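Me: Got a minute to walk me through this one? I'd like to start with the core.

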Amino acid sequence: MDNRYIGKVIEEMTPFFEENGYKKTGENEYENEKFKVKVAYGDERQMYLLYLAAAEGEYAEISGWLFDDSQTESDATSVGIDFTETLLEKTGTKKNSRVAAMVDMPVAKKDGTDIGTFAKKMLDVYPQFKDAYRAHVSKYGNFLYLNFFGDTVVPQLKAVLSSGDRKAIKKIVPVFESTYITGDKDTVNAMLACIAAAVCEDEEAKKNLAEALKENDHMYKAATELGEKLKVNKKLREALIKN
């Protein structure tokens, strides 16, 4: 795989470098008075790799993110955010206060295609997660939607689908069906991943999902097939299923 997205990873990390006095010293390498940082892509392992060292020391790998041809630019953004969080922790750096400022809630686009639109719809159905959304974006400085949905929406969906509560199920299914029709590729995949995570280990939830989507069998099959992939995709599983 070529390394076409490393610029996006660095872009997400740049505010951290600027706020903490890091200067560029080489290709994807940065250094301040205490530390030096390097980001690289390992072709053999198909991973973005983060290295850290004391200013006069030797680099050690401190984080890695599997990244193959199935990943997109938005995934590279997530890598940059994750690497920044790792550096904040490993270097004992306090997050800039601007990150903790008031967070705006997601806004729906007129065409209803993007992940923000889906997130808004989910928060409209489950408003109890609005504070969690603000806390999440304040912590990470961006919306890591799979991680957020895994912490909030997936457990809620699992509980609703397992219960067989028709009223509660009927409340959420229209959001899924409209998103499946109007959402862009990343948004539809995220939605299906949430559903898959909610039912992949719960046969009762899966049965109730089949009943709820009996008029939309193609969508049901897409979600349950993704559920099988979730069982073997460690990174996706860790993001969406919190045991």
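**Nonpolar cores**

Me: Which residues touch the most other members of the largest nonpolar core?
Reply: Phe149, Phe176 and Leu240, out of 48 residues in that core. A nonpolar core here is a set of buried Ala, Val, Leu, Ile, Met, Phe, Trp, Tyr and Cys residues joined through side-chain atoms within 4.5 Å, with buried meaning under 20% relative accessible area (1.4 Å probe, protein chains only). Helix 8 (residues 185-199) gives the most to this core, 11 residues; helices are DSSP runs of H or I, at least four residues, and strands are E runs of at least two, numbered from the N terminus.

Me: Is this a predicted model, and how are things counted?
Reply: Predicted, so local features need pLDDT of at least 70 and side-chain atom pairs pLDDT 80 or more, while totals for chains, interfaces and linings use all residues. Residues are numbered from 1 along each chain as its sequence is written, and side-chain values use heavy atoms, leaving out hydrogens and water.Me: What does Phe176 touch, leaving out residues up to four places away in sequence?
Reply: Phe118, Met122, Leu157, Met191, Ile195 and Met219, where contact means heavy atoms within 4.5 Å.

Me: New topic: where does Asn32 lie, and is Asn32 buried or exposed?
Reply: Asn32 sits in the loop between strand 2 (29-31) and strand 3 (35-42). Asn32 is buried, at 17% relative accessible area.

Me: Which backbone atoms does the side chain of Asn32 reach?
Reply: The backbone oxygen of Asn20 at 3.0 Å, and the backbone nitrogen of Phe35 at 2.8 Å.

Conventions
Residues are numbered from 1 along each chain as its sequence is written. Side-chain values use heavy atoms; hydrogens and water are left out. Buried means under 20% relative accessible area, exposed over 50%, partly exposed in between (1.4 Å probe, protein chains only). A polar contact is a pair of N or O atoms within 3.5 Å; within protein, one must be able to donate a hydrogen and the other to accept it, and residues adjacent in sequence count only if both atoms are side-chain atoms.
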